[in-house]
Amino acid sequence: MRAVILAGGKGTRLAPYTTVLPKPLVPVGERPILELLIRQLCSAGFRVIDLSVGHLGGLIKSYFDGIHLPDGVELRYWWEDEPLGTAGALRHIDGLE
């Protein structure tokens with residue numbers, strides 16, 4: 001199965017934290033919220049996870065390049081050069097119909 005996570009926003013309501021850390025990497029306990037979500041999706045049987053990233057998206061990619069996820073899980077990154085909103089981000093992900 002396949003999931004899409006929209007993680008491209010600036011997280012302005014969490015400022016000043018989100019000026020240096022993207023909202024999806026804000027920790028909940030010992031792990032970032034995005035990692036918890038991805039692990040829950042994996043345990044539910046999702047194997048392809050599309051991440052639409054924008055603001056500080058490079059930090060998100062770097063984080064997940066450095067950790068071990070369950071075998072067989074593929075993270076795909078879709079970059080927003082400018083904020084596209086929900087519908088705009090989904091329109092740019094290949095294979096969604």
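Me: Which helix holds both glutamate 35 and arginine 39, and how many residues apart are they?
Reply: Happy to start there, and please keep in mind that this is a predicted model. The side chains of glutamate 35 and arginine 39 meet in a salt bridge, 2.9 Å from N to O. About one turn of the helix separates the two residues. Both lie in helix α1, and their spacing is four residues.

Me: Is glutamate 35 buried or exposed?
Reply: A residue counts as buried when its relative accessible area is under 20%. The value for glutamate 35 is 3%, so glutamate 35 is buried.

Me: And what about arginine 39: buried, partly exposed or exposed?
Reply: The band between 20% and 50% relative accessible area is the partly exposed one. Arginine 39 has a relative accessible area of 25%, so this residue is partly exposed.

Me: Which residues are linked with Glu35 in a network of salt bridges?
Reply: We have already met one pair, glutamate 35 with arginine 39. The network takes in Arg31 as well. The residues linked with Glu35 are therefore Arg31 and Arg39.

Me: How many salt bridges are there by this rule?
Reply: One of them joins the side chains of lysine 61 and aspartate 65, at 3.0 Å from N to O. Another joins aspartate 50 and arginine 2, at 2.5 Å. The count comes to five.

Me: Which strands do aspartate 50 and arginine 2 come from, and how many residues apart are they?
Reply: The side chains of aspartate 50 and arginine 2 meet in a salt bridge. This pair links distant parts of the chain. Aspartate 50 is in strand β4 and arginine 2 in strand β1, with a separation of 48 residues.

Me: Is aspartate 50 buried or exposed?
Reply: Its partner, arginine 2, has 29% relative accessibility and so counts as partly exposed. Aspartate 50 has 0%, and under 20% is the mark for a buried residue. Aspartate 50 therefore counts as buried.

Me: What separates lysine 61 and aspartate 65 in helix α2, in helical turns?
Reply: Lysine 61 is partly exposed, with a relative accessible area of 29%, while aspartate 65 counts as exposed at 52%. The two are four residues apart in helix α2, so the separation is about one helical turn.

Me: How do α1 and α2 lie to each other: parallel, perpendicular or oblique?
Reply: These helices pack at an angle of about 55°, with their axes 11 Å apart. Their crossing is right-handed. Contact is made by Leu34, Glu35 and Ile38 of α1 with Ile60, Tyr63 and Phe64 of α2. Angles from 35 to 65 degrees fall in the oblique class, so α1 and α2 are oblique.

Me: Which element gives the largest share of the largest nonpolar core?
Reply: The largest nonpolar core has 18 residues, and Ile5, Ile38, Ile49, Leu51, Ile60, Phe64 and Leu75 have the most contacts inside it. Two or more residues come from each of β1, α1, β4, α2 and β5. The largest share is four residues, and the element that gives them is α1.

Me: Which residues does leucine 51 touch, leaving out those up to four places away in sequence?
Reply: Leucine 51 is among the residues with the most contacts inside the largest nonpolar core. The residues leucine 51 touches are Ile5, Leu34, Ile38, Leu75, Arg76, Tyr77 and Trp78.

Me: Where is threonine 18 found?
Reply: Threonine 18 has 3% relative accessibility, so this residue counts as buried. Beyond its neighbours within four places in sequence, its contacts are Lys10, Gly11, Thr12, Lys23, His55 and Leu56. Threonine 18 is found in the loop between β1 and β2.

Me: Which residues are joined by a cis peptide bond?
Reply: Look again at the loop between β1 and β2, where proline 16 is found. Omega of the cis bond is about 10°. The residues joined are alanine 15 and proline 16.

Me: What is phi of leucine 56 near?
Reply: Leucine 56 lies in the loop between β4 and α2, and at 28% relative accessibility this residue counts as partly exposed. Its phi is positive, in a residue other than glycine. The value is near 55°.

Methods. Residues are numbered from 1 along each chain as its sequence is written. This is a predicted model: local features need pLDDT of at least 70, side-chain atom pairs count only at pLDDT 80 or more; totals for chains, interfaces and linings use all residues. Side-chain values use heavy atoms; hydrogens and water are left out. A nonpolar core is a set of buried Ala, Val, Leu, Ile, Met, Phe, Trp, Tyr and Cys residues joined through side-chain atoms within 4.5 Å. Buried means under 20% relative accessible area, exposed over 50%, partly exposed in between (1.4 Å probe, protein chains only). Contact means heavy atoms within 4.5 Å. A salt bridge is a side-chain nitrogen of Lys or Arg within 4 Å of a carboxyl oxygen of Asp or Glu. Axes are lines fitted to C-alpha atoms, for helices over the stretch in contact, and angles run from 0 to 180 degrees between N-to-C directions. Angles under 35 degrees count as roughly parallel, over 145 as roughly antiparallel, 65 to 115 as roughly perpendicular and the rest as oblique. A crossing is left-handed if the near helix is turned anticlockwise from the far one by less than a right angle, and right-handed if clockwise.
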